[in-house]
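Please open the structure in your viewer and keep the selection tool at hand. The tour below goes from one selection to the next and says what is found at each stop.

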Amino acid sequence: MSEPTAPSEPSASTEPVASPEPVASPGPVASPEPASSPPDSTRTGPGRLLIAVYALFALAATARAGVQIATKFHEAPVAYLLSAFAGLVYILATVTLANGSPLARRIAVVSCSVELVGVLAVGTWSLADPATFPDATVWSGYGSGYGFVPLVLPVFGLLWLRRLSKRA
Amino acid sequence: MNGVVPTTVIVAGLVLAGYAGVMSARDRRMDVPLLIAVGVVEVIVLVLVGLVVAKLVGGAHPAEQATLIGYLIAMPIVPVAAASWGLLERTRWGPAVIAAAGLVTAVLVVRLHQIWPVIHV
């Protein structure tokens, strides 16, 4: 496993110092089998973690909004509809990042951008006008109820997609 | 329900996250010991789910029962899904997925307590 066969890794041989991430560096345990998964795929490397977290948020936001809309929609209609919208955007981002085709990547850029705008707009709105949000959304308080992951996630998504498009 | 099992799940999730995080930081790939650690967390999660289900069957109900049941279904899926997704990755990002799953497991127990305070932490 720890054989120094790193020079066979395509990304390491084509751009030895360009990447700020150590993942592409020829470390002592660099995989001798990366040929099966091209490094420009959206779902390998950091993309693996990104998609996992996106899938979790897609599930969490959609399920939560579904329950809230089904059981107590009248209590906070704006918040619940925004949660449902956020859930749909997370599903779209998860699916397109996992797919990784050129078209899917363009849609992923749009969904990540919508998320970033959404979390900033709804975050500001929820602080400026708390009366509209008697119950929280995923994006309330810039995602403070979810450890600010909703704020960080689209930034990482966009950085990841940009890095791949530069490499391609 | 005393707090032993929920607290154990939180600690196990955090330990798993720390162990997998160190593996990722040291550029290690998924290995058998890490899979065993995921399995141990999964078993403890299932014990907790069983205890909560027993409480529901016993007649007690939280205000947001649908949400609680959603959590009970989601919690055991998280480690299994993370392990299968992480195994597809032959780099340090496989353990990184496991680390995230460990953190999520711990957070889900805290949320479980918020939904139904009889689940002590």
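Leaving aside neighbours within four places in sequence, which residues is B:Ala99 in contact with? Before selecting anything, please keep in mind that this is a predicted model.

**First stop: B:Ala99**

Select B:Ala99, which is found in helix α4 of chain B, and then show the residues around it. Apart from neighbours within four places in sequence, B:Ala99 is in contact with B:Ala17, B:Ala20, B:Gly21 and B:Ser24. B:Ala99 counts as buried because 25 other C-beta atoms lie within 10 Å, the cut-off for a buried residue being 20 or more. If you add B:Gly13 to the selection, you have a pair that is 86 residues apart in sequence, while the C-alpha atoms of B:Ala99 and B:Gly13 are 8.6 Å apart in space.

**Second stop: B:Ile98 and the pair α3(B) and α4(B)**

Now select B:Ile98, which, with neighbours within four places in sequence left aside, is in contact with B:Leu16, B:Ala20, B:Leu34, B:Val38, B:Ala82, B:Ala83 and B:Gly86. Next, display the helices α3(B) and α4(B), whose axes come within 9 Å and cross at roughly 170°. Because angles over 145 degrees count as roughly antiparallel, α3(B) is roughly antiparallel to α4(B). Among the residues that make this contact are B:Tyr71, B:Met75 and B:Trp85 of α3(B), together with B:Val97, B:Ile98 and B:Leu108 of α4(B). Coloured by class, the residues of the contact of α3(B) with α4(B) divide into 17 nonpolar, four polar and one charged.

**Third stop: the side of chain B that touches chain A**

Turn next to the place where the chains meet, where 18 residues of chain B are in contact with 17 residues of chain A. On the side of chain B that touches chain A, the elements that give two or more residues are α3 (65-87) and α4 (93-115) of chain B, and the largest share, six residues, comes from α3(B). By class, this side of chain B has nine nonpolar, three polar and six charged residues.

**Fourth stop: the largest nonpolar core**

Which residues touch the most other members of the largest nonpolar core? Of the 66 residues in this core, they are A:Ala52, A:Val53, A:Tyr54, A:Phe57, B:Val97, B:Ile98 and B:Ala100. The elements that give two or more residues to the core include α2 (46-72) and α5 (149-167) of chain A as well as α1 (4-25) and α2 (32-57) of chain B. With 13 residues, α2(A) gives the most to this core.

**Fifth stop: chain A and one of its loops**

Select chain A as a whole, and you will find five helices and zero strands. Of the 168 residues of chain A, 36% count as buried, and among contacts in this chain between residues at least 6 apart in sequence, 59% join residues at least 24 apart.

Finish in the loop between α4 and α5 of chain A, where A:Tyr142 is found and where A:Phe148 lies too. The phi of A:Tyr142 is near 55°, a positive value in a residue other than glycine, and A:Phe148, which is not a glycine, has a positive phi of about 60°. Are these two residues buried, exposed or partly exposed? A:Tyr142 is partly exposed, with 18 other C-beta atoms within 10 Å, and A:Phe148, with 14 C-beta neighbours inside 10 Å, counts as partly exposed as well.

Key:
Residues numbered from 1 in each chain as written. Chains lettered and ligands numbered in written order. Predicted model: local features only at pLDDT ≥ 70, side-chain atom pairs only at ≥ 80, totals over all residues. Helix = DSSP H or I, 4+ residues; strand = E, 2+ residues; numbered from the N terminus. Buried ≥ 20, exposed ≤ 12 C-beta atoms within 10 Å, placed from the backbone. Contact = placed C-beta atoms within 7 Å. Nonpolar A, V, L, I, M, F, W, Y, C, P; charged D, E, K, R; others polar. Core = buried A, V, L, I, M, F, W, Y, C linked by C-beta atoms within 7 Å. Axes fitted to C-alpha atoms, helices over the stretch in contact; angles between N-to-C directions. Parallel < 35°, antiparallel > 145°, perpendicular 65-115°, else oblique.
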